[in-house]
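Let's take a walk through a protein model, one spot at a time. Have the viewer open and follow along.

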Amino acid sequence: MAQGILITGPIGAGKTTTLHEIEAVLDVPNAILDLDWLAWASPVRGTAHDLMLRNLADVWRNVREAGIAHVAMARMLVDPGEIADVQAALAGCDVVVVELALGADELRERIRRRDSGVELEEHLALIDRWEPVGADVVIQTVGKQPGQVARDVLGAAGWPLPSSRQGPA
């Protein structure tokens, strides 16, 4: 069976950074999907979530046809039903959901460093509304470098991490 990791967590938690670190250290054929990219369109008929799911199902079919059996994905999900939706779009894939967690003050600091203007205000408001959505594993990221978070995520999902591709700590 194919294996998947779905990384979720609040905005600014490091989901996309962790995704890139996973790709750098993983030693099996894999696909890395930032699910936000599968939802960005305007205007959208239906919801952005529905568009992302349709795109994900198509991308997953193409990935499987290419012989790839490991997929790591990232997206901030705000409802437990959204996790079930993503899992359903990945037919034949056993998905482990990992939440990256850190405190609201650290999240606000990260967002202020990277965003500005209207986007900054929108993202700060999202921090205050974040609620955990029922991940299989929660990984605290405070004080950890991205490479360590990636190794923690891979370990939590039971994916092997060869010592020759450990990457930076």
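## A charged pair in helix H4

Let's start with Arg-110, which forms a salt bridge with Glu-106. The closest N and O atoms of this pair are 3.4 Å apart. Keep in mind as you look that this is a predicted model. Both Arg-110 and Glu-106 sit in helix H4, and they are 4 residues apart, about one turn of the helix. How exposed is each partner? Arg-110 is partly exposed, with a relative accessible area of 22%, and Glu-106 is partly exposed too, at 30%.

Helix H4 holds another pair: Glu-109 forms a salt bridge with Arg-113. Here the closest N and O atoms are 2.7 Å apart. Once again the two residues are 4 apart, about one turn of the helix. Glu-109 counts as partly exposed because its relative accessible area is 41%, while Arg-113 counts as exposed because its value is 56%. The cut-off that matters for that last label is 50%, since exposed means over that value.

## More salt bridges

Why might such pairs form at all? Side chains of opposite charge can pair when their charged atoms come close.

Now find Lys-144 and Asp-152, whose side chains meet in a salt bridge with an N to O distance of 2.6 Å. Lys-144 is partly exposed, with a relative accessible area of 32%, and Asp-152 is partly exposed at 21%. Elsewhere, salt bridges that share partners join Asp-58, Arg-61 and Glu-65 into one network. How many salt bridges are there in total? The count comes to 9.

## A charge without a partner

Next, look at Glu-82 in helix H3, which covers residues 80-89. Is Glu-82 buried or exposed? Glu-82 is buried, yet it has no salt bridge. The nearest side chain of opposite charge belongs to Arg-75, and it is 6.1 Å away. A salt bridge needs the nitrogen and oxygen within 4 Å, so that distance does not qualify.

So what does Glu-82 touch? Leaving aside neighbours within four places in sequence, Glu-82 is in contact with His-49 and Leu-77.

## The largest pocket

Time to look for a hollow. The largest pocket has a volume of about 880 Å³. Several helices give two or more residues to its lining: H1 (15-25), H2 (48-65), H4 (104-114), H5 (117-129) and H6. Which of the elements gives the most? That would be H1, with 4 residues.

In total, 32 residues line the largest pocket. Ile-11, Gly-12, Lys-15, Thr-16 and Arg-114 lie nearest its centre. What kinds of residues make up the lining? They divide into 12 nonpolar, 10 polar and 10 charged.

## His-123 and its contacts

Two of those residues nearest the pocket's centre, Ile-11 and Arg-114, turn up again around His-123. You'll find His-123 in helix H5. His-123 is buried, because its relative accessible area is 12% and buried means under 20%. Setting aside neighbours within four places in sequence, His-123 is in contact with Ile-11, Ile-111, Arg-114 and Asp-115.

## Distances along the chain and in space

Pro-146 lies in helix H6, which covers residues 146-157. Pro-146 is partly exposed, with a relative accessible area of 31%. Which residues does Pro-146 touch, not counting those up to four places away in sequence? The answer is Thr-17 and Glu-21. Pro-146 and Gly-14 are 132 residues apart along the chain, while their C-alpha atoms are separated by 7.8 Å.

Now try Glu-23, which lies in helix H1 and is partly exposed at 39% relative accessible area. Glu-23 and Gly-134 are 111 residues apart in sequence and 25 Å apart in space, C-alpha to C-alpha. Finish at Leu-161, in the segment after H6. Leu-161 is partly exposed, with a relative accessible area of 23%. Between Leu-161 and Leu-35, which are 126 residues apart along the chain, the C-alpha separation is 24 Å.

Conventions
Residues numbered from 1 in each chain as written. Predicted model: local features only at pLDDT ≥ 70, side-chain atom pairs only at ≥ 80, totals over all residues. Heavy atoms only, no water. Buried < 20%, exposed > 50% of the residue type's maximum accessible area, 1.4 Å probe, protein only. Lys, Arg positive; Asp, Glu negative; His and termini not counted. Contact = heavy atoms within 4.5 Å. 1 Å grid on protein atoms, 1.4 Å probe; cavity = no way out; pocket = protein on both sides within 12 Å on 5 of 7 lines; lining within 4 Å. Points joined across faces, edges and corners; volume = space filled by probe spheres on them. Nonpolar A, V, L, I, M, F, W, Y, C, P; charged D, E, K, R; others polar.
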